Amino acid sequence: MDLDTVISRARQVAVEVLRPEARSVDEEREWPESGIRALQDTRLTALTIAKSQGGLGYGLLGLARVCEELGRECASTSICFGMHSVGAAVIAAKATSTQREEFLRSIAEGKHITSLALSEPGTGTHFYYPQTKLSVENGGLRLSGTKCFVTNGGHASSYVVSTVSADPDAPPGHFSCVVLPAGTEGMQWGSQWLGMGMRGNSSRSLELNDVRIPAESLLGQEGDQIWYVFNVITPYFLVAMAGTYLGVAGAALDEARKNVKQRRHDHSGALLADNQIIQHRMGTLWANVARTRALLYRAASRGDSGNSDALLGLFSAKAEVAECAVDVVGQAMALSGGRGYRGGSGLHRMLRDVQASHIMAPSTDTLRSWTGRALLGLPILSD
Ligand SMILES: Cc1cc2nc3c(=O)[nH]c(=O)nc-3n(C[C@H](O)[C@H](O)[C@H](O)COP(=O)(O)OP(=O)(O)OC[C@H]3O[C@@H](n4cnc5c(N)ncnc54)[C@H](O)[C@@H]3O)c2cc1C
């Protein structure tokens, strides 16, 4: 499937399935079942799996662009799709033949949603320092710990889980990843996290109480997963989030445009769009979205072609998207007056959803520091 077809399928699902349900997903805090099923039916949930493994074979640019289309209509669904796609890319990166058979084949067939369980209450935004314990026992693995904010929590068929390295002498950051099928004994879901926005993504905490799993659940080599952080997890994470919130910014710009072209004052007979200050503001907002999109697409393309400085662009792209989206949604709200501010308006939901763009790890502050450290030739992780 070529990229134009992928994008037009994503747009069709976004407009026909996500748009009519976005309000109830938000208000009822519903996991977006029909949106995710439509993405499975159109094969888009196989986006980040290689063609040789039955997938569509797209990388960072494809993921950014699909998330942008979905994020325009429903940021919650887009993040559910995005975290699935990151998880699928992590499984696919070094999958054994058993893992290909057990996980990738059903993801490629649109029968399996996965997700990421990386964040922990103790280390927060520093998701690359898990404290969940892993030990090797009788040829199998044993896990204990607590995860938080697991998107698709309780709805996915499997979860990619990070743990400390089983080697007690391993340096920090040499963590391991395992993939757990849903329903594995010892997994216990906490109640849903009640965020101000992103209300449909079913972010839940997960207790891992002495979970025993076969050694084949390990992804890649034990303890080498620092490799995953900057080669797979972070780049895919960043573009999924950046694409989603760029989509929200684009949708907010459209809302503002629609409003200023419709709103006419009785006393002057003029449209808001006739006002030169508003024309100037619209031009500035458009340029903000357009240059941020250019940065994201360029960084994603450079990441896909393995360019050595791609990470700097990817770090900055997610940080810039967060700044852009929060600014554009706020200004669109002001330009839409009481119609934007009222409960139940699309902008009301966007204003709440978009705040997560700074918080979701790596946070904007972290990304600015990482970019500076990389630019100065310092190791990216300083703490
Ligand atoms: C909607 C949503 C969905 C999520 N989905 C997932 C998921 O699917 N899987 C998953 O694993 N996680 C997920 N997360 C978790 C997320 O990625 C973050 O890890 C988590 O929100 C961090 O929360 P915290 O409150 O513990 O942050 P804290 O660690 O308390 O950090 C708070 C703030 O302090 C600042 N800060 C902290 N340390 C530094 C530093 N060293 N330098 C500069 N600034 C710093 C940052 O600005 C940060 O935003 C999700 C979060 C949200 C909101």
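Student: How do the residues of the shell around the ligand divide into nonpolar, polar and charged?
Tutor: The model is a predicted one. In it, 25 residues surround the ligand. They divide into twelve nonpolar, eleven polar and two charged.

Student: Which residues are the closest to the ligand?
Tutor: The shell draws at least three residues from each of domain 2 (117-222) and domain 3 (226-375). Among the elements that each supply at least two residues are β1 (114-117) and α11 (364-375). The closest residues are Leu118, Gly124, Phe149, Thr151 and Ser363.

Student: Which strands stand at the edges of the open sheet of four strands?
Tutor: The order of this open sheet is β1-β4-β5-β8, with mixed pairing. Two of its strands have a single partner strand each, so one side of each is left without a neighbour in the sheet. These edge strands are β1 and β8 (218-219).

Student: What is the bridge partner of Leu116 in β4?
Tutor: Strand β1 runs parallel to β4 (residues 158-163), and four bridges join them. In β4, the partner of Leu116 is Val160.

Student: At about what angle to β1 does helix α4 run?
Tutor: Helix α4 covers residues 75-93. This helix lies across β1, β4, β5 (176-181) and β8. Its angle to β1 is about 85 degrees.

Student: Which residue in β7 stands opposite Thr146?
Tutor: Strand β3 (140-150) is another element that supplies at least two residues of the shell around the ligand. Eight bridges join β3 to β7 (residues 204-214), and the two strands run antiparallel. Opposite Thr146 in β7 stands Glu207.

Methods
Residues numbered from 1 in each chain as written. Predicted model: local features only at pLDDT ≥ 70, side-chain atom pairs only at ≥ 80, totals over all residues. Near = placed C-beta within 6 Å. Nonpolar A, V, L, I, M, F, W, Y, C, P; charged D, E, K, R; others polar. Domains from an automatic or database assignment. Pairing = 2+ DSSP bridges. Contact = placed C-beta atoms within 7 Å. Axes fitted to C-alpha atoms, helices over the stretch in contact; angles between N-to-C directions.
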